[in-house]
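User: Please take a close look at the ligand site of this model. I should also like an account of the aromatic pairs in the structure.

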Amino acid sequence: MATYKAPLMLIGGEWTKGSGEPKEVINPATEEVIAMLPSATEADLDRALQSAQRGFREWQELSAEQRCDIIMRGCRILRERAAEIAPLITIEQGKPVEEARLEIIRAASIIEWDANEGRRAYGTIVPSDPGFNRYGIKLAIGPVAAFTPWNFPISSPGRKLGGALGAGCSVIIKSSEETPAATCALVQCLLDGGLPPEVINIVSGKSSMISAYLIASPVIRAITFTGSTPVGKHLAKLAAEAMKPVVMELGGHSPVIVFDDVDADKIARQAVAAKFRNAGQICTAPTRFIIQEKAHDAFVESFVKAASAIKVGNGLEADTQMGPLANSRRLRALEELVADARAKGATVATGGKRIGNRGYFFEPTVLTDVPDDADVVNVEPFGPIAPVVRFREFEEAIEIANRLPYGLCSYAFTNSQAYSHELAHRVESGIMSLNHFGTSQADTPFGGVKESGYGREGGYETLDAFMITKFVSQKITA
Ligand code: NAD
(Lines give C-alpha, C1' and ligand atoms only; values in the text may rest on other atoms or scores of the structure.)
Protein backbone atom coordinates (compact mmCIF):
# COMPACT_ATOMS: atom_id res chain seq x y z
CA MET A 1 0.00 0.00 0.00
CA ALA A 2 1.58 3.27 -1.15
CA THR A 3 1.92 5.97 1.48
CA TYR A 4 1.82 9.72 1.12
CA LYS A 5 4.07 11.83 3.31
CA ALA A 6 2.39 15.17 4.01
CA PRO A 7 4.38 18.19 2.82
CA LEU A 8 6.04 20.67 5.15
CA MET A 9 8.01 23.84 4.58
CA LEU A 10 11.75 23.82 5.27
CA ILE A 11 12.85 27.10 6.84
CA GLY A 12 16.11 27.72 8.69
CA GLY A 13 16.94 24.02 8.54
CA GLU A 14 13.70 22.95 10.24
CA TRP A 15 10.64 21.27 8.81
CA THR A 16 7.64 23.41 9.75
CA LYS A 17 3.91 23.89 9.11
CA GLY A 18 4.38 27.68 9.01
CA SER A 19 1.84 30.13 10.33
CA GLY A 20 -0.52 30.72 7.36
CA GLU A 21 -3.90 29.18 6.50
CA PRO A 22 -3.29 25.63 5.09
CA LYS A 23 -4.75 24.49 1.73
CA GLU A 24 -5.99 21.09 0.62
CA VAL A 25 -3.87 18.80 -1.53
CA ILE A 26 -6.02 16.54 -3.76
CA ASN A 27 -5.34 13.13 -5.30
CA PRO A 28 -6.41 13.67 -8.95
CA ALA A 29 -7.32 9.99 -9.41
CA THR A 30 -9.79 9.90 -6.50
CA GLU A 31 -10.46 13.59 -5.70
CA GLU A 32 -9.72 12.77 -2.05
CA VAL A 33 -7.95 15.27 0.18
CA ILE A 34 -4.59 13.68 0.92
CA ALA A 35 -2.90 16.38 3.00
CA MET A 36 -2.95 20.00 4.03
CA LEU A 37 -0.41 22.29 2.36
CA PRO A 38 1.41 24.62 4.75
CA SER A 39 1.10 28.26 3.89
CA ALA A 40 3.84 30.85 4.36
CA THR A 41 3.21 34.29 5.83
CA GLU A 42 5.51 37.25 5.21
CA ALA A 43 7.19 36.47 8.55
CA ASP A 44 7.89 32.90 7.35
CA LEU A 45 9.31 34.27 4.09
CA ASP A 46 11.56 36.68 6.02
CA ARG A 47 12.93 33.75 8.00
CA ALA A 48 13.49 31.81 4.76
CA LEU A 49 15.33 34.79 3.24
CA GLN A 50 17.62 35.15 6.27
CA SER A 51 18.27 31.43 6.19
CA ALA A 52 19.08 31.52 2.45
CA GLN A 53 21.60 34.28 3.14
CA ARG A 54 23.32 32.23 5.85
CA GLY A 55 23.06 29.11 3.67
CA PHE A 56 24.76 30.93 0.79
CA ARG A 57 27.74 31.88 2.96
CA GLU A 58 28.04 28.37 4.33
CA TRP A 59 27.85 26.78 0.85
CA GLN A 60 30.48 29.23 -0.41
CA GLU A 61 32.90 28.19 2.32
CA LEU A 62 33.18 24.77 0.67
CA SER A 63 35.27 24.06 -2.42
CA ALA A 64 33.53 23.23 -5.70
CA GLU A 65 34.74 19.65 -5.23
CA GLN A 66 33.25 19.39 -1.74
CA ARG A 67 29.92 20.80 -2.97
CA CYS A 68 29.90 18.35 -5.85
CA ASP A 69 30.63 15.40 -3.53
CA ILE A 70 27.71 16.35 -1.24
CA ILE A 71 25.26 16.73 -4.12
CA MET A 72 26.42 13.46 -5.67
CA ARG A 73 25.81 11.66 -2.36
CA GLY A 74 22.29 13.15 -2.27
CA CYS A 75 21.67 11.93 -5.82
CA ARG A 76 22.81 8.42 -4.93
CA ILE A 77 20.24 8.43 -2.11
CA LEU A 78 17.59 9.76 -4.52
CA ARG A 79 18.30 6.88 -6.91
CA GLU A 80 18.15 4.37 -4.04
CA ARG A 81 14.79 5.77 -2.87
CA ALA A 82 13.25 6.03 -6.37
CA ALA A 83 10.89 3.09 -5.90
CA GLU A 84 9.75 4.48 -2.54
CA ILE A 85 9.21 8.06 -3.77
CA ALA A 86 7.53 7.18 -7.11
CA PRO A 87 4.07 6.30 -5.67
CA LEU A 88 4.08 9.57 -3.77
CA ILE A 89 4.34 11.44 -7.10
CA THR A 90 1.54 9.27 -8.50
CA ILE A 91 -0.73 10.04 -5.56
CA GLU A 92 -0.36 13.82 -5.83
CA GLN A 93 0.09 14.20 -9.59
CA GLY A 94 -1.52 11.15 -11.23
CA LYS A 95 1.13 9.74 -13.58
CA PRO A 96 1.74 5.95 -13.58
CA VAL A 97 4.27 4.79 -10.99
CA GLU A 98 6.83 3.62 -13.56
CA GLU A 99 6.71 7.01 -15.30
CA ALA A 100 7.25 8.63 -11.88
CA ARG A 101 10.20 6.35 -11.17
CA LEU A 102 11.82 7.23 -14.48
CA GLU A 103 11.28 10.93 -13.71
CA ILE A 104 13.20 10.50 -10.45
CA ILE A 105 16.11 8.80 -12.22
CA ARG A 106 16.12 11.60 -14.78
CA ALA A 107 16.14 14.21 -12.01
CA ALA A 108 19.14 12.48 -10.40
CA SER A 109 21.02 12.52 -13.68
CA ILE A 110 20.24 16.24 -14.22
CA ILE A 111 21.40 17.23 -10.73
CA GLU A 112 24.54 15.08 -11.05
CA TRP A 113 25.41 16.79 -14.33
CA ASP A 114 24.93 20.25 -12.79
CA ALA A 115 27.01 19.34 -9.73
CA ASN A 116 29.90 18.29 -11.95
CA GLU A 117 29.59 21.39 -14.11
CA GLY A 118 30.26 23.33 -10.89
CA ARG A 119 33.75 21.80 -10.91
CA ARG A 120 34.30 23.01 -14.46
CA ALA A 121 33.18 26.62 -13.97
CA TYR A 122 36.47 27.93 -15.32
CA GLY A 123 37.18 31.61 -15.71
CA THR A 124 39.40 33.18 -18.37
CA ILE A 125 42.89 34.60 -18.40
CA VAL A 126 43.25 37.58 -20.71
CA PRO A 127 46.64 38.37 -22.33
CA SER A 128 47.95 41.24 -20.21
CA ASP A 129 50.43 44.08 -20.46
CA PRO A 130 53.72 43.56 -18.56
CA GLY A 131 53.14 44.20 -14.85
CA PHE A 132 49.43 43.38 -15.08
CA ASN A 133 47.18 40.35 -14.56
CA ARG A 134 43.78 40.45 -16.23
CA TYR A 135 41.30 37.65 -15.71
CA GLY A 136 37.61 36.78 -15.47
CA ILE A 137 36.32 34.68 -12.59
CA LYS A 138 33.00 32.87 -12.33
CA LEU A 139 31.21 33.56 -9.06
CA ALA A 140 27.92 32.24 -7.71
CA ILE A 141 25.31 34.96 -8.13
CA GLY A 142 23.76 34.55 -4.65
CA PRO A 143 20.49 33.19 -3.23
CA VAL A 144 18.04 32.09 -5.95
CA ALA A 145 14.21 32.02 -5.89
CA ALA A 146 12.82 29.02 -7.81
CA PHE A 147 9.20 28.39 -8.84
CA THR A 148 8.15 25.06 -10.28
CA PRO A 149 4.93 23.52 -11.69
CA TRP A 150 2.95 20.34 -11.10
CA ASN A 151 3.62 18.31 -14.23
CA PHE A 152 7.11 17.13 -13.20
CA PRO A 153 7.08 17.27 -9.39
CA ILE A 154 10.67 15.98 -9.07
CA SER A 155 12.53 16.72 -12.27
CA SER A 156 11.41 20.34 -12.54
CA PRO A 157 12.58 21.19 -8.98
CA GLY A 158 15.62 19.04 -9.82
CA ARG A 159 16.55 21.29 -12.74
CA LYS A 160 16.29 24.41 -10.57
CA LEU A 161 18.06 22.99 -7.53
CA GLY A 162 20.75 21.31 -9.62
CA GLY A 163 21.73 24.49 -11.46
CA ALA A 164 21.64 26.73 -8.39
CA LEU A 165 23.45 24.33 -6.04
CA GLY A 166 26.00 23.34 -8.69
CA ALA A 167 26.86 27.01 -9.18
CA GLY A 168 27.33 27.46 -5.41
CA CYS A 169 24.06 29.30 -4.71
CA SER A 170 21.50 28.77 -1.98
CA VAL A 171 17.84 28.44 -3.00
CA ILE A 172 14.36 29.21 -1.80
CA ILE A 173 12.02 26.96 -3.73
CA LYS A 174 8.26 27.23 -4.05
CA SER A 175 6.99 24.19 -5.87
CA SER A 176 3.44 23.73 -7.09
CA GLU A 177 0.79 23.82 -4.40
CA GLU A 178 -0.65 20.70 -6.10
CA THR A 179 2.51 18.55 -5.94
CA PRO A 180 4.42 19.72 -2.86
CA ALA A 181 5.46 16.43 -1.23
CA ALA A 182 7.74 15.35 -4.08
CA THR A 183 9.95 18.42 -3.56
CA CYS A 184 10.20 17.59 0.14
CA ALA A 185 11.25 14.02 -0.66
CA LEU A 186 13.89 15.25 -3.12
CA VAL A 187 15.30 17.80 -0.68
CA GLN A 188 15.38 15.21 2.11
CA CYS A 189 17.70 13.08 -0.07
CA LEU A 190 20.06 16.04 -0.53
CA LEU A 191 20.01 16.77 3.22
CA ASP A 192 20.72 13.11 3.98
CA GLY A 193 23.65 13.35 1.57
CA GLY A 194 25.13 16.08 3.77
CA LEU A 195 23.79 19.33 2.30
CA PRO A 196 24.01 22.08 4.93
CA PRO A 197 20.33 22.53 5.89
CA GLU A 198 20.10 26.27 5.27
CA VAL A 199 21.29 25.95 1.66
CA ILE A 200 17.73 25.03 0.63
CA ASN A 201 14.54 26.53 2.02
CA ILE A 202 11.13 25.29 0.88
CA VAL A 203 8.10 27.56 1.11
CA SER A 204 4.51 26.98 0.03
CA GLY A 205 1.14 28.72 0.04
CA LYS A 206 -0.20 31.57 -2.06
CA SER A 207 1.91 31.72 -5.23
CA SER A 208 1.30 35.35 -6.12
CA MET A 209 2.17 36.64 -2.65
CA ILE A 210 5.26 34.43 -2.32
CA SER A 211 6.73 35.26 -5.72
CA ALA A 212 6.11 39.02 -5.36
CA TYR A 213 7.70 39.06 -1.90
CA LEU A 214 10.74 36.95 -2.75
CA ILE A 215 11.50 38.61 -6.08
CA ALA A 216 11.42 42.09 -4.49
CA SER A 217 13.75 41.08 -1.65
CA PRO A 218 17.35 42.33 -2.01
CA VAL A 219 18.53 38.94 -0.70
CA ILE A 220 17.36 37.19 -3.90
CA ARG A 221 19.77 37.63 -6.81
CA ALA A 222 18.23 35.46 -9.53
CA ILE A 223 14.86 33.95 -10.42
CA THR A 224 14.05 30.73 -12.21
CA PHE A 225 10.53 29.73 -13.22
CA THR A 226 8.87 26.89 -15.09
CA GLY A 227 5.17 27.23 -15.89
CA SER A 228 2.74 28.99 -18.18
CA THR A 229 3.62 31.92 -20.44
CA PRO A 230 1.16 34.35 -18.74
CA VAL A 231 2.61 33.67 -15.26
CA GLY A 232 6.13 33.83 -16.73
CA LYS A 233 5.45 37.28 -18.18
CA HIS A 234 4.12 38.45 -14.82
CA LEU A 235 7.20 37.20 -12.96
CA ALA A 236 9.54 38.63 -15.63
CA LYS A 237 7.96 42.06 -15.01
CA LEU A 238 8.49 41.72 -11.25
CA ALA A 239 12.09 40.69 -11.88
CA ALA A 240 12.64 43.61 -14.26
CA GLU A 241 11.46 46.07 -11.60
CA ALA A 242 14.08 44.64 -9.26
CA MET A 243 16.66 44.35 -12.10
CA LYS A 244 17.21 40.64 -11.55
CA PRO A 245 18.13 37.99 -14.12
CA VAL A 246 15.59 35.26 -14.83
CA VAL A 247 15.34 31.87 -16.46
CA MET A 248 11.90 31.43 -18.01
CA GLU A 249 10.92 27.90 -18.99
CA LEU A 250 7.41 28.45 -20.41
CA GLY A 251 4.72 26.82 -22.47
CA GLY A 252 4.98 25.35 -25.93
CA HIS A 253 2.86 23.96 -28.76
CA SER A 254 5.25 21.62 -30.53
CA PRO A 255 4.74 20.95 -34.23
CA VAL A 256 5.34 17.42 -35.53
CA ILE A 257 5.95 17.52 -39.29
CA VAL A 258 5.66 14.14 -40.99
CA PHE A 259 6.69 13.96 -44.66
CA ASP A 260 5.44 11.49 -47.26
CA ASP A 261 8.83 9.74 -47.48
CA VAL A 262 8.62 7.97 -44.08
CA ASP A 263 6.68 4.98 -42.74
CA ALA A 264 3.60 6.84 -41.47
CA ASP A 265 2.25 3.82 -39.58
CA LYS A 266 5.50 3.39 -37.61
CA ILE A 267 5.77 7.11 -36.77
CA ALA A 268 2.11 7.22 -35.67
CA ARG A 269 2.69 4.41 -33.16
CA GLN A 270 5.77 6.19 -31.77
CA ALA A 271 3.82 9.45 -31.67
CA VAL A 272 1.12 7.95 -29.46
CA ALA A 273 3.67 6.96 -26.81
CA ALA A 274 5.19 10.46 -26.85
CA LYS A 275 1.90 12.36 -27.04
CA PHE A 276 0.05 10.67 -24.19
CA ARG A 277 2.94 10.35 -21.70
CA ASN A 278 1.99 12.18 -18.48
CA ALA A 279 -1.49 12.57 -20.03
CA GLY A 280 0.01 15.08 -22.46
CA GLN A 281 0.88 17.52 -19.68
CA ILE A 282 4.43 18.19 -20.85
CA CYS A 283 5.70 21.49 -22.21
CA THR A 284 7.66 19.66 -24.94
CA ALA A 285 4.82 17.24 -25.78
CA PRO A 286 4.14 16.79 -29.50
CA THR A 287 0.92 18.79 -29.91
CA ARG A 288 0.34 19.84 -33.52
CA PHE A 289 0.53 16.96 -35.98
CA ILE A 290 1.24 18.40 -39.43
CA ILE A 291 1.10 15.52 -41.90
CA GLN A 292 1.92 15.61 -45.62
CA GLU A 293 -1.05 14.76 -47.81
CA LYS A 294 -0.09 11.28 -49.04
CA ALA A 295 0.87 10.09 -45.52
CA HIS A 296 -2.13 11.68 -43.79
CA ASP A 297 -4.73 8.92 -43.87
CA ALA A 298 -2.33 6.09 -42.95
CA PHE A 299 -0.96 8.20 -40.10
CA VAL A 300 -4.43 9.03 -38.73
CA GLU A 301 -5.60 5.42 -38.96
CA SER A 302 -2.66 4.05 -36.91
CA PHE A 303 -2.63 7.00 -34.54
CA VAL A 304 -6.33 6.66 -33.69
CA LYS A 305 -6.03 2.89 -33.29
CA ALA A 306 -3.07 3.14 -30.88
CA ALA A 307 -4.54 6.12 -28.96
CA SER A 308 -7.87 4.42 -28.35
CA ALA A 309 -6.08 1.29 -27.04
CA ILE A 310 -4.35 3.18 -24.20
CA LYS A 311 -5.35 1.88 -20.77
CA VAL A 312 -6.39 4.89 -18.67
CA GLY A 313 -6.66 4.52 -14.89
CA ASN A 314 -5.24 5.18 -11.46
CA GLY A 315 -1.46 5.42 -11.83
CA LEU A 316 -1.02 3.14 -8.82
CA GLU A 317 -2.46 0.21 -10.79
CA ALA A 318 0.21 -1.82 -12.56
CA ASP A 319 -1.44 -1.97 -16.00
CA THR A 320 -2.27 1.77 -16.23
CA GLN A 321 -0.65 3.48 -19.21
CA MET A 322 -2.13 6.95 -18.69
CA GLY A 323 -3.28 8.49 -15.41
CA PRO A 324 -5.76 11.30 -14.75
CA LEU A 325 -5.18 14.97 -15.49
CA ALA A 326 -3.41 16.65 -12.62
CA ASN A 327 -6.25 18.98 -11.63
CA SER A 328 -9.85 19.94 -12.39
CA ARG A 329 -8.71 23.08 -14.31
CA ARG A 330 -7.22 20.87 -17.03
CA LEU A 331 -10.43 18.86 -17.25
CA ARG A 332 -12.49 21.99 -17.91
CA ALA A 333 -9.87 23.34 -20.34
CA LEU A 334 -9.88 20.12 -22.39
CA GLU A 335 -13.66 19.92 -22.54
CA GLU A 336 -13.68 23.50 -23.85
CA LEU A 337 -10.98 22.79 -26.44
CA VAL A 338 -12.94 19.81 -27.83
CA ALA A 339 -16.24 21.72 -27.91
CA ASP A 340 -14.59 24.68 -29.65
CA ALA A 341 -12.84 22.49 -32.27
CA ARG A 342 -16.05 20.56 -32.97
CA ALA A 343 -18.05 23.76 -33.35
CA LYS A 344 -15.49 25.07 -35.84
CA GLY A 345 -15.68 21.94 -38.01
CA ALA A 346 -13.07 19.49 -36.68
CA THR A 347 -13.81 15.77 -36.47
CA VAL A 348 -13.36 13.91 -33.19
CA ALA A 349 -11.68 10.73 -34.49
CA THR A 350 -11.45 9.20 -31.03
CA GLY A 351 -12.03 10.26 -27.41
CA GLY A 352 -13.19 13.78 -26.64
CA LYS A 353 -14.72 13.45 -23.21
CA ARG A 354 -14.22 12.90 -19.51
CA ILE A 355 -14.14 9.30 -18.26
CA GLY A 356 -16.52 8.67 -15.34
CA ASN A 357 -17.34 11.33 -12.78
CA ARG A 358 -14.71 10.73 -10.11
CA GLY A 359 -11.06 11.51 -10.74
CA TYR A 360 -9.90 13.83 -13.52
CA PHE A 361 -9.73 11.16 -16.24
CA PHE A 362 -9.98 12.20 -19.89
CA GLU A 363 -10.03 10.03 -22.99
CA PRO A 364 -6.97 10.02 -25.29
CA THR A 365 -8.33 12.27 -28.00
CA VAL A 366 -7.50 12.73 -31.69
CA LEU A 367 -9.03 15.55 -33.74
CA THR A 368 -8.76 15.67 -37.52
CA ASP A 369 -9.41 18.36 -40.14
CA VAL A 370 -8.85 20.99 -37.48
CA PRO A 371 -9.24 24.54 -38.84
CA ASP A 372 -6.59 27.20 -38.15
CA ASP A 373 -8.89 29.21 -35.92
CA ALA A 374 -9.68 26.35 -33.49
CA ASP A 375 -8.29 27.10 -30.02
CA VAL A 376 -6.60 23.71 -29.83
CA VAL A 377 -4.09 24.64 -32.55
CA ASN A 378 -3.46 28.08 -31.06
CA VAL A 379 -3.25 27.76 -27.26
CA GLU A 380 -1.11 25.22 -25.43
CA PRO A 381 -3.45 22.22 -25.00
CA PHE A 382 -1.52 20.61 -22.09
CA GLY A 383 -3.52 17.41 -22.08
CA PRO A 384 -4.20 14.17 -23.97
CA ILE A 385 -5.51 15.83 -27.11
CA ALA A 386 -3.87 15.63 -30.52
CA PRO A 387 -5.00 17.82 -33.42
CA VAL A 388 -3.97 16.62 -36.89
CA VAL A 389 -3.74 18.90 -39.93
CA ARG A 390 -2.51 18.34 -43.52
CA PHE A 391 0.07 20.11 -45.65
CA ARG A 392 1.14 19.85 -49.29
CA GLU A 393 4.51 21.55 -49.78
CA PHE A 394 7.62 21.96 -47.64
CA GLU A 395 7.19 25.74 -47.28
CA GLU A 396 3.61 25.29 -46.08
CA ALA A 397 4.81 23.00 -43.26
CA ILE A 398 7.37 25.57 -42.13
CA GLU A 399 4.72 28.28 -42.19
CA ILE A 400 2.29 26.23 -40.05
CA ALA A 401 5.07 25.26 -37.63
CA ASN A 402 6.21 28.86 -37.12
CA ARG A 403 2.86 30.64 -37.06
CA LEU A 404 2.40 30.60 -33.25
CA PRO A 405 4.17 32.75 -30.65
CA TYR A 406 5.52 29.59 -28.97
CA GLY A 407 8.95 28.13 -29.73
CA LEU A 408 9.94 25.44 -27.26
CA CYS A 409 10.21 22.14 -29.06
CA SER A 410 9.61 20.75 -32.55
CA TYR A 411 9.73 17.37 -34.25
CA ALA A 412 10.04 16.34 -37.89
CA PHE A 413 10.23 13.04 -39.72
CA THR A 414 11.83 12.71 -43.15
CA ASN A 415 14.58 10.72 -44.82
CA SER A 416 15.64 13.74 -46.86
CA GLN A 417 18.96 15.17 -45.66
CA ALA A 418 18.20 18.42 -47.42
CA TYR A 419 14.84 18.81 -45.67
CA SER A 420 16.36 17.87 -42.29
CA HIS A 421 19.04 20.52 -42.64
CA GLU A 422 16.53 23.15 -43.68
CA LEU A 423 14.12 22.23 -40.84
CA ALA A 424 16.85 22.35 -38.20
CA HIS A 425 17.67 25.89 -39.26
CA ARG A 426 14.23 27.29 -40.01
CA VAL A 427 11.70 25.87 -37.53
CA GLU A 428 11.57 28.37 -34.67
CA SER A 429 12.16 26.36 -31.49
CA GLY A 430 14.80 25.97 -28.80
CA ILE A 431 14.83 22.18 -29.22
CA MET A 432 14.30 20.07 -32.33
CA SER A 433 14.16 16.29 -32.65
CA LEU A 434 14.50 14.83 -36.12
CA ASN A 435 13.17 11.32 -36.79
CA HIS A 436 12.53 10.51 -33.11
CA PHE A 437 10.56 11.83 -30.13
CA GLY A 438 13.38 12.08 -27.58
CA THR A 439 14.21 15.60 -26.39
CA SER A 440 16.95 17.03 -24.23
CA GLN A 441 18.87 15.24 -21.51
CA ALA A 442 21.08 16.37 -18.65
CA ASP A 443 24.02 17.06 -20.95
CA THR A 444 22.11 19.02 -23.59
CA PRO A 445 20.59 22.52 -23.44
CA PHE A 446 16.87 22.83 -22.68
CA GLY A 447 14.86 25.99 -23.26
CA GLY A 448 12.72 27.96 -25.66
CA VAL A 449 12.59 30.93 -28.00
CA LYS A 450 9.82 33.50 -28.58
CA GLU A 451 7.12 33.30 -25.87
CA SER A 452 8.38 29.93 -24.68
CA GLY A 453 10.95 31.81 -22.64
CA TYR A 454 14.69 32.37 -22.37
CA GLY A 455 17.70 30.95 -20.60
CA ARG A 456 18.89 27.36 -20.77
CA GLU A 457 18.91 24.50 -18.30
CA GLY A 458 21.21 21.51 -18.86
CA GLY A 459 24.22 21.20 -21.14
CA TYR A 460 27.31 23.31 -20.65
CA GLU A 461 25.12 26.43 -20.26
CA THR A 462 23.38 24.99 -17.20
CA LEU A 463 25.06 27.21 -14.60
CA ASP A 464 25.07 30.42 -16.65
CA ALA A 465 21.93 31.82 -15.03
CA PHE A 466 23.33 31.30 -11.55
CA MET A 467 26.82 32.75 -12.03
CA ILE A 468 28.33 36.10 -12.81
CA THR A 469 31.58 36.76 -14.62
CA LYS A 470 33.72 39.22 -12.73
CA PHE A 471 36.59 40.86 -14.57
CA VAL A 472 39.66 41.49 -12.40
CA SER A 473 42.42 43.82 -13.55
CA GLN A 474 45.44 43.65 -11.25
CA LYS A 475 48.59 45.81 -11.41
CA ILE A 476 51.04 43.41 -9.86
CA THR A 477 52.70 45.94 -7.58
CA ALA A 478 50.95 48.95 -6.06
P1 NAD B 1 -0.98 28.71 -13.99
O2 NAD B 1 -0.43 29.52 -15.07
O3 NAD B 1 -1.89 29.37 -13.02
O4 NAD B 1 0.17 28.06 -13.08
C5 NAD B 1 1.30 27.44 -13.64
C6 NAD B 1 2.30 27.23 -12.48
O7 NAD B 1 2.76 28.49 -12.04
C8 NAD B 1 1.69 26.56 -11.25
O9 NAD B 1 2.59 25.60 -10.79
C10 NAD B 1 1.53 27.67 -10.21
O11 NAD B 1 1.83 27.21 -8.91
C12 NAD B 1 2.57 28.66 -10.63
N13 NAD B 1 2.14 30.02 -10.41
C14 NAD B 1 0.95 30.58 -10.74
N15 NAD B 1 0.92 31.89 -10.40
C16 NAD B 1 2.14 32.16 -9.85
C17 NAD B 1 2.74 33.33 -9.33
N18 NAD B 1 2.10 34.51 -9.32
N19 NAD B 1 3.99 33.21 -8.85
C20 NAD B 1 4.68 32.05 -8.86
N21 NAD B 1 4.17 30.92 -9.36
C22 NAD B 1 2.92 30.96 -9.86
O23 NAD B 1 -1.74 27.56 -14.66
P24 NAD B 1 -2.11 26.08 -14.36
O25 NAD B 1 -3.58 25.96 -14.43
O26 NAD B 1 -1.41 25.49 -13.18
O27 NAD B 1 -1.51 25.46 -15.68
C28 NAD B 1 -2.07 25.92 -16.88
C29 NAD B 1 -1.07 26.12 -17.93
O30 NAD B 1 0.24 26.28 -17.44
C31 NAD B 1 -0.99 24.91 -18.82
O32 NAD B 1 -1.95 25.00 -19.83
C33 NAD B 1 0.36 25.00 -19.39
O34 NAD B 1 0.30 25.83 -20.52
C35 NAD B 1 1.16 25.75 -18.38
N36 NAD B 1 2.14 24.92 -17.68
C37 NAD B 1 3.37 24.82 -18.24
C38 NAD B 1 4.33 24.03 -17.65
C39 NAD B 1 5.70 23.88 -18.24
O40 NAD B 1 6.36 22.88 -17.96
N41 NAD B 1 6.19 24.86 -19.01
C42 NAD B 1 4.02 23.35 -16.47
C43 NAD B 1 2.74 23.50 -15.91
C44 NAD B 1 1.81 24.30 -16.53
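Analyst: The following account treats the ligand site and then the aromatic pairs.

The model is predicted. The ligand is surrounded by 25 residues, of which W150, S211, S228, R329 and E380 come nearest. By class, the shell divides into nine nonpolar, 10 polar and six charged residues. Several secondary-structure elements supply at least two shell residues each, namely α7 (207-216), β10 (222-226), α8 (229-241) and α11 (328-343). With regard to domains, the shell draws residues from domain 1 (9-250 + 452-472) as well as from domain 2 (254-441), and the ligand therefore lies between them.

Polar contacts to the ligand involve the side chains of W150, R329 and N151. In W150, a side-chain N or O atom is 2.7 Å from an oxygen atom of the ligand. For R329, the distance between a side-chain N or O atom and a ligand oxygen atom is likewise given as 2.7 Å. N151 places a polar side-chain atom 3.4 Å from an oxygen atom of the ligand. On its own the ligand has 790 Å² of accessible area, and the protein covers 85% of this.

Turning to the aromatic side chains, the structure holds 11 aromatic pairs. One of these is formed by F259 and Y419, with 4.8 Å from centre to centre and 40° between the planes, a tilted arrangement. F259 belongs to the loop between β12 (254-258) and α9 (264-276), while Y419 belongs to helix α13 (residues 417-426), so the pair ties together parts that are 160 residues apart in sequence. F259 counts as buried because its relative accessibility is 1%, whereas Y419, at 32%, counts as partly exposed.

A further pair joins F289 and F303; the ring centres are 4.9 Å apart and the planes stand at 50°, so this pair is tilted. F289 is in strand β13 (residues 286-292) and F303 in helix α10 (residues 293-308), with the two positions 14 residues apart in the numbering. F289 has a relative accessibility of 0% and therefore counts as buried. F303 is also buried, with a relative accessible area of 0%.

Finally, ring pairs link F259 and Y419 with F391 and F394 into a cluster.

Note on methods. Residues numbered from 1 in each chain as written. Predicted model: local features only at pLDDT ≥ 70, side-chain atom pairs only at ≥ 80, totals over all residues. Heavy atoms only, no water. Near = heavy atom within 4 Å. Polar contact = N/O pair within 3.5 Å; in protein donor to acceptor, adjacent residues only side chain to side chain. Areas by Shrake-Rupley, 256 points an atom, 1.4 Å probe, with all protein chains shown as cover. Helix = DSSP H or I, 4+ residues; strand = E, 2+ residues; numbered from the N terminus. Nonpolar A, V, L, I, M, F, W, Y, C, P; charged D, E, K, R; others polar. Domains from an automatic or database assignment. Phe/Tyr/Trp six-rings, centres within 6.5 Å; stacked < 30°, edge-to-face > 60°. Buried < 20%, exposed > 50% of the residue type's maximum accessible area, 1.4 Å probe, protein only.
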